[in-house]
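This report describes the packing of one protein chain, from a helix pair to the nonpolar cores and a few single residues. Please have the sequence and the model at hand while reading.

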Amino acid sequence: MNKSEKFMLAGAAGQMEGVIDYPADDAAPRGVALVAHPHPLYGGTMDNKVAVTLMRTFVNLGYVVARINFRGVGKSEGVHDHGQGETDDMAILHAWMTEKFPDLPVALSGFSFGTYVQTHLAQRLAAAGKPAERLVLVGAAAKKWQMADIPADTILIHGEQDETIPLIDVLDWLRPQEIPVIVIPGADHFFHRKLGHIKSWVTQLWGRGGLTEAETDTANAD
């Protein structure tokens, strides 16, 4: 069973509430993963079921995982800042975790609004010469917010029947970048009864450069 540790961390607009989850059996972590939750004005928290699924997936992969509640959620101070301040806060979390675990690579993961935050954090880190190990984006918030371009090895997972962020909007965003997306048939925005697909695809693809042609066909017909 993995160990969880709650924390409070000074952010750009006040204290941030968060939790760190460690690999089971006190195993030495192979990396750090930061998970960003969906929109705070629509009920998004670090305990959102997709965010928790991402956390558990990374823990099972041997990562130490950090999540925070964005501004105004739970015990986190401040007010919603439309993504800019939230990206600043995620950057502070990144700096704190890399100080705690200086020799480990850092993966970035997010769901919905959290994907907007993580793509912009990834852009900042790359510009600073400290690129993320890899990105995992679920329910990418294309056209809802101005998403940053992403690395070619990013793992993207989207629901075929996403009513919040239509699949066509994600395809329009990805088309110029020529990056594939795993489409889960029948899945809505919150992956009701489909959460296992997130865990299985991330686990299958982690450590590899991307989907093979055969796997792309399978993902779109699963």
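A crossing of two helices is called right-handed if the near helix is turned clockwise from the far one by less than a right angle, and left-handed if anticlockwise. The model is a predicted one.

**Helices H1 and H5**

By that definition, H1 passes H5 in a right-handed crossing. Two packed helices are described by the angle between their axes and the distance between the axes. For helix H1 (residues 49-60) and helix H5 (residues 195-205), the angle is about 35° and the axes are 10 Å apart. On the H1 side, the residues that meet H5 are Lys49, Val50, Thr53, Leu54, Thr57 and Asn60. Their partners in H5 are Leu195, Ile198, Lys199, Val202 and Thr203. Sorted by class, this contact holds 5 nonpolar, 4 polar and 2 charged residues.

**The nonpolar cores**

In soluble globular proteins, nonpolar side chains tend to be buried together. The largest nonpolar core here has 40 residues, and those touching the most other members are Leu34, Met90, Leu93, Met97, Leu156 and Trp173. Helix H3 (residues 113-127) is the element that gives the most to this core, with 6 residues. Another core, of 27 residues, lies apart from it and includes Val59, Val136, Val138 and Val202.

Which residues does Leu34 contact, leaving aside its neighbours within four places in sequence? They are Ala66, Met90, Leu93, His94, Met97, Val106, Ala107, Leu108, Ser109 and Gln118.

**Helix H2**

Helix H2 covers residues 84-100, 17 residues in number. From its first C-alpha to its last it reaches 25 Å, close to the 24 Å expected at 1.5 Å a residue. Its buried residues are Gly85, Glu86, Thr87, Asp89, Met90, Leu93, His94 and Met97. An α-helix has 3.6 residues a turn, so residues three or four places apart point the same way. The buried residues of H2 pack against H3 and against five strands: E1 (4-11), E2 (14-21), E3 (31-36), E4 (63-68) and E5 (106-111).

**Two residues of helix H3**

Thr119 lies in helix H3. Because its relative accessible area is 1%, Thr119 is buried. Beyond its neighbours within four places in sequence, Thr119 is in contact with Leu135, Leu137, Met147, Ala148 and Ile150.

Ala122 also has its place in helix H3. Ala122 has a relative accessible area of 10% and is therefore buried. With neighbours within four places in sequence left aside, Ala122 is in contact with Leu108 and Leu135. The C-alpha atom of Ala122 is separated by 8.6 Å from that of Ala148, 26 residues apart along the chain.

**Positive phi in two loops**

Most residues other than glycine have a negative phi, and most peptide bonds are trans. Glu178 has a positive phi, near 55°, and the phi of Phe191 is also positive, near 55°.

Are Glu178 and Phe191 buried or exposed? The table sets out the two residues.

| Residue | Loop | Phi | Relative accessibility |
|---|---|---|---|
| Glu178 | between helix H4 (167-174) and strand E8 (182-184) | near 55° | 72%, exposed |
| Phe191 | between E8 and H5 | near 55° | 0%, buried |

The cut-offs explain the classes: buried means under 20% relative accessible area and exposed over 50%. Glu178, at 72%, therefore counts as exposed, and Phe191, at 0%, therefore counts as buried.

Methods:
Residues numbered from 1 in each chain as written. Predicted model: local features only at pLDDT ≥ 70, side-chain atom pairs only at ≥ 80, totals over all residues. Heavy atoms only, no water. Core = buried A, V, L, I, M, F, W, Y, C linked by side-chain atoms within 4.5 Å. Buried < 20%, exposed > 50% of the residue type's maximum accessible area, 1.4 Å probe, protein only. Helix = DSSP H or I, 4+ residues; strand = E, 2+ residues; numbered from the N terminus. Contact = heavy atoms within 4.5 Å. Axes fitted to C-alpha atoms, helices over the stretch in contact; angles between N-to-C directions. Nonpolar A, V, L, I, M, F, W, Y, C, P; charged D, E, K, R; others polar. Expected span 1.5 Å × (residues − 1).
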